[in-house]
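Grab a pencil and work through the exercises below with the structure open beside you. Try each task before you read its solution.

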Amino acid sequence: MNLQYSSEGIHAVDIDLWLDPQVSKPAAWISHAHSDHARYYSETVIGTSISLEIYRMRWPGNDALKQSLEPLDYGQSRDWKGARITCYPAGHILGAAQLLIEYKNERIVYTGDIKLSPPLCGQQTQIIECDHLILESTFGLPIFHFLSREQAKAEIADFARECLAEGATPVFMGYPLGRGQEIVHCLTQAGIATAVHGAIAKYIPIYEANGFSFRGWKPYESSQTEGQALVVVPGMRRQLESAGKNMRVAYVSGWAQLDNARLRSGAEKLIPYSDHGDFDELLEMVQRSGAKKIDVIHGYTEMFARQLRDLGFDASAPARARLRNSEEESIQAE
Ligand SMILES: [Zn+2]
């Protein structure tokens, strides 16, 4: 399969399918609904039903255009221009998917953003045997080692209870799709009163429709912050602090493991949990896939590819394949 990497995305040339294109294309596979993966207008958009539902919410203007949204859900296959394509879960966020492309006796897997261990909200992934693996490497350095789902749940709930017991308001920052709902899910499951910013709350019905409970949360109101946990978007931290109230801020992110995480996030409590795989998980995915060739994209691509080569894999970081995920990195910049 001829794969071309550019700032416009990844083009599977032989079957004219773009993987998470960054500009409008005739046909696109969207791996999940984060804003830098599910972008703009393409004539045909293939993704899971959940990803397509969120895509429509985010790009309502596309409804007026001629566009075909074609669901491909977990375990489903279809023919596409001489290839067979199959969708598998990716763990990352609700609806996130990997794509297996079978073409002329070659198996190519595009992971999109992926998490190997069970996510807080979402369907656990599986490793697909393939010849050619296109793997994200957002956290492809050995310093990244994250908490398990159970550990993260406990840390989130314990921090909230500790703050509330001393009369402080626990504040959790979460990006609008994914982390935000995961934190609200943890808090409400633990029976902790929780107020949720509207940018996060608007996706809760989709999570509920897919089996995740969010019982008892309330919309965030700036006049009522005491006696409950707040789950807000990152940009609100300074606004909350300037209100002069007794707030204690937690930062739930893979980036919490960077040396300067406290300084960058402004949070006192760092909880290193991510909806991406950590270094060991990325390595395990490479090893168990059996892939003969690995292309790494996102994050520490050059360094991760070099480490894979040191272990004997044919790995590279294709030029211009460093597609950013600004939605997730926005919290890092905060
Ligand atoms: Zn993502």
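Keep in mind that this is a predicted model.

**Exercise 1. Find the buried residues of helix H1, then find what covers them.**

Step 1: Go to residues 49-58, where H1 sits. The buried residues there are Ile50, Ser51, Leu52, Ile54 and Tyr55.

Step 2: Now look at what lies over them. The cover includes strand E5 (44-47), strand E6 (68-71) and helix H5 (204-209).

**Exercise 2. Work out which strands strand E9 pairs with, and whether E9 is enclosed or not.**

Step 1: Start with E8, which covers residues 83-89. E8 and E9 run antiparallel and are joined by six bridges. As a landmark, Thr86 has Leu100 in E9 as its bridge partner.

Step 2: Turn to E10 (residues 106-110), which also runs antiparallel to E9, with five bridges joining the two. Here you can spot Leu99 with its partner Tyr110, and Tyr103 opposite Glu106.

Step 3: Check how the chain gets from E9 to E10. The two strands form a hairpin with two residues between them, and Lys104 in that turn has a positive phi of about 50°.

Step 4: Count the buried residues of E9, which spans residues 97-103. Six of the seven are buried, so E9 is largely enclosed by the rest of the structure.

Step 5: Follow E10 onwards. Three bridges join E10 to strand E11 (residues 132-136), and this time the strands run parallel. Val109 pairs with Leu133 in E11.

**Exercise 3. Describe the largest cavity: its volume, its lining and the kinds of residues in that lining.**

Step 1: A search of the whole structure turns up three cavities of 30 Å³ or more. The largest has a volume of about 70 Å³.

Step 2: List some lining residues. Among them are Gln98, Val109, Thr111, Leu133, Met285 and Ser289. You've already met Val109 and Leu133 as bridge partners.

Step 3: Sort the lining by type. You should get six nonpolar residues, five polar ones and no charged ones.

**Exercise 4. Put the strands of the six-stranded open sheet in order and say which helices pack on it.**

Step 1: Read across the sheet. The order is E14-E13-E15-E12-E16-E17, and the pairing is parallel. At the edges are E14 (218-219) and E17 (269-271), each of which pairs on one side only.

Step 2: Zoom in on E12 (residues 169-173) and E16 (residues 247-252). These parallel strands are joined by five bridges, and Phe172 stands opposite Ala250 in E16.

Step 3: Add the helices. H2 (residues 149-165) packs on the sheet and touches E12, E16 and E17, with its direction at about 150° to that of E12. H3 (residues 179-189) lies across E12, E13, E15 and E16, running at about 165° to E15.

**Exercise 5. Locate Lys81 and His298, and say what stands out about the phi of each.**

Step 1: Recall the background. Most residues other than glycine have a negative phi.

Step 2: Check Lys81. Its phi is near 50°, a positive value, and Lys81 is found in the loop between E7 (77-80) and E8.

Step 3: Check His298. Its phi is positive too, at about 75°, and His298 lies in the loop between E18 (293-297) and helix H9 (301-310).

Step 4: Is His298 buried or exposed? Buried means under 20% relative accessible area. His298 has 4% relative accessibility, so it counts as buried.

Key. Residues are numbered from 1 along each chain as its sequence is written. This is a predicted model: local features need pLDDT of at least 70, side-chain atom pairs count only at pLDDT 80 or more; totals for chains, interfaces and linings use all residues. Side-chain values use heavy atoms; hydrogens and water are left out. Two strands pair if DSSP finds at least two bridges between them. Helices (H or I, at least four residues) and strands (E, at least two) are DSSP runs, numbered from the N terminus. Contact means heavy atoms within 4.5 Å. Axes are lines fitted to C-alpha atoms, for helices over the stretch in contact, and angles run from 0 to 180 degrees between N-to-C directions. Buried means under 20% relative accessible area, exposed over 50%, partly exposed in between (1.4 Å probe, protein chains only). On a 1 Å grid over the protein atoms alone, a cavity is a set of points where a 1.4 Å probe fits but cannot get out, and a pocket is an open set with protein on both sides within 12 Å along at least five of seven lines; lining residues have an atom within 4 Å of a point. Grid points are joined across faces, edges and corners, and a volume is the space filled by probe spheres set on the points. Ala, Val, Leu, Ile, Met, Phe, Trp, Tyr, Cys and Pro count as nonpolar, Asp, Glu, Lys and Arg as charged, and the others, Gly among them, as polar.
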